[in-house]
Amino acid sequence: MSLSRLLPDSTLSLLAQGYAWLPDRMRRTTAPLVRARLLGKPTVAVRGPEAVRFVYDERHVRRGPALPEPVKSTLFGHGAVHTLDGEAHRVRKAMFLSLLKSPQNIAGLVGDATAAWDGAAARWAERERVVLFDEASRVLAGAVCRWAGVPLKEAEAESAARDLVAMVDGFATPGPRHWRARSARRRREAWLASLVEGVRDGSASAPEGSVVDVVARHVDADGERLDARTAAVEILNVLRPTVAVCWFVAFAAHALHRWPEHRARLAEEARTGAGHGFGGAYAEAFAHEVRRFYPFAPFIGGLAAADLTWRGEPVPRGALVLLDIHGQDHDPALWEDPYSFDPRRFLDRPPERDELIPQGGGDPAAGHRCPGEDVTVALLTALSARLSLLEYDVPEQDLRIPLRRVPSRPRSGFVVANVRPPG
């Protein structure tokens with residue numbers, strides 16, 4: 001009998017503790033892994049660069065079968081690339097890599113986003129106060145839809161942003177947030193499936209090489225095109241994570257408020273043009289530190305593909321295997337003074353692939369690591385630089401970031417008042 005089967009179920013503890021649950025369990029053991037039960041299933045959890053390579057090796061762990069229905073019905077979508085393994089995953093993933101790893105494509109998206117940010121900032125100056133999280137989501141939704149070839153009227157941007165945020169905000173919680181996420185996904189899948197059908201029958205058009213064009217034409221490992229609904233799922237798997245960068249933008253504002261000494265260096269770099277308008281070396285280091293320091297993904301999981309051994313400990317076939325992402329990004333064995341916010345740690349040495357893992361680990365070309373991570377870093381680098389140039393007041397508000405809430409964010413969304421865009 002698996003040792004994990006003798007343990008009490010920890011699902012309620014996980015829901016109560018959120019991000020703190022697994023790091024707390026890790027601190028309380030000297031064993032190389034944590035054993036638990038989640039939803040009645042034997043579970044083991046590991047951490048560290050070697051563990052990243054172990055979990056992202058498909059001979060050890062399969063990601064697709066581990067995704068619970070609530071996550072597929074909110075965050076990823078049924079039939080998404082995240083639900084695939086083996087050759088089917090590699091073929092579908094190659095489509096995403098062609099779109100999201102191209103320097104030209106990344107620069108185009110960042111250019112659209114920064115232009116949208118500048119236009120929005122001018123409008124913020126006309127309002128008494130704005131919620132930065134909400135405003136960033138609208139900026140990113142409009143920019144990524146334009147870049148991806150998705151027609152979106154200006155009046156529709158707010159509802160599209162709200163739905164794309166809801167899919168992320170409700171995947172890991174029961175209750176109203178979860179049901180809003182399900183409703184948002186149904187609406188947006190229907191919207192984009194209709195667009196794909198229109199592109200295919202000629203009643204709609206998409207720019208050549210755009211996300212809509214590439215996904216509509218994609219041929220899967222079985223030699224067939226994606227059905228319109230699955231194509232819509234995969235278009236959303238470009239739009240949704242791009243809009244989710246609004247979490248990091250709110251965290252960046254939080255960091256600049258708590259540690260204002262970073263603003264001057266970011267602003268000086270931006271003013272001198274070191275980053276050609278998209279942010280320079282310090283802005284990129286700042287972006288990496290925001291992604292490391294603040295809570296985003298607590299862990300990822302998969303199912304053991306066989307009876308395995310991890311550092312001498314048995315891992316039974318079919319067990320749930322968790323990689324402690326939040327704990328690893330704050331592990332003192334990897335990061336000096338990990339609870340200190342210090343972008344300088346990334347100035348002398350870029351992050352190692354399997355050390356900094358806020359969006360997963362491993363090789364994105366071969367495994368399940370997020371193919372849009374370079375997009376996230378580029379967007380956050382550019383918007384952090386622009387944020388440093390923006391003058392505003394921070395009125396009294398609740399800026400706590402509750403670790404019980406997954407995904408977490410500043411409770412107020414980070415309210416700014418009396419915005420003064422750079423001249």
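This passage describes selected helices and backbone features of a predicted model.

Helix α7 comprises 17 residues, from 132 to 148. At 1.5 Å a residue, a helix of that length should span 24 Å, and the end C-alpha atoms of α7 are indeed 24 Å apart, so the expected and computed values agree. Of the 17 residues of α7, 14 are buried, which means that the helix is largely enclosed by the rest of the structure. Just after α7, Gly149 adopts a positive phi of about 85°.

A packed pair of helices is described by the angle between the two axes and the distance between them. Helix α5 (residues 86-100) packs against helix α11 (residues 228-243) at an angle of about 40°, and their axes are 12 Å apart. Because angles from 35 to 65 degrees fall in the oblique class, α5 is oblique to α11. The crossing of these two helices is right-handed. On the α5 side, the contact is made by Arg92, Met95, Phe96 and Leu100, while α11 contributes Thr230, Glu234, Asn237 and Val238. By class, this contact of α5 with α11 has four nonpolar, two polar and two charged residues.

Several backbone features occur in loops. Val406 and Pro407 are joined by a cis peptide bond, with omega of about -5°; Pro407 is found in the loop between β9 (391-393) and β10 (415-420). Arg311, which is not a glycine, has a positive phi of about 50° and lies in the loop between β6 (308-310) and β7 (313-315). A positive phi, near 50°, is also found at Asp337, again a residue other than glycine. Asp337 belongs to the loop between α15 (325-328) and α16 (373-389).

Notes: Residues are numbered from 1 along each chain as its sequence is written. This is a predicted model: local features need pLDDT of at least 70, side-chain atom pairs count only at pLDDT 80 or more; totals for chains, interfaces and linings use all residues. Side-chain values use heavy atoms; hydrogens and water are left out. Helices (H or I, at least four residues) and strands (E, at least two) are DSSP runs, numbered from the N terminus. The expected span of a helix is 1.5 Å times one less than its number of residues. Buried means under 20% relative accessible area, exposed over 50%, partly exposed in between (1.4 Å probe, protein chains only). Axes are lines fitted to C-alpha atoms, for helices over the stretch in contact, and angles run from 0 to 180 degrees between N-to-C directions. Angles under 35 degrees count as roughly parallel, over 145 as roughly antiparallel, 65 to 115 as roughly perpendicular and the rest as oblique. A crossing is left-handed if the near helix is turned anticlockwise from the far one by less than a right angle, and right-handed if clockwise. Contact means heavy atoms within 4.5 Å. Ala, Val, Leu, Ile, Met, Phe, Trp, Tyr, Cys and Pro count as nonpolar, Asp, Glu, Lys and Arg as charged, and the others, Gly among them, as polar.
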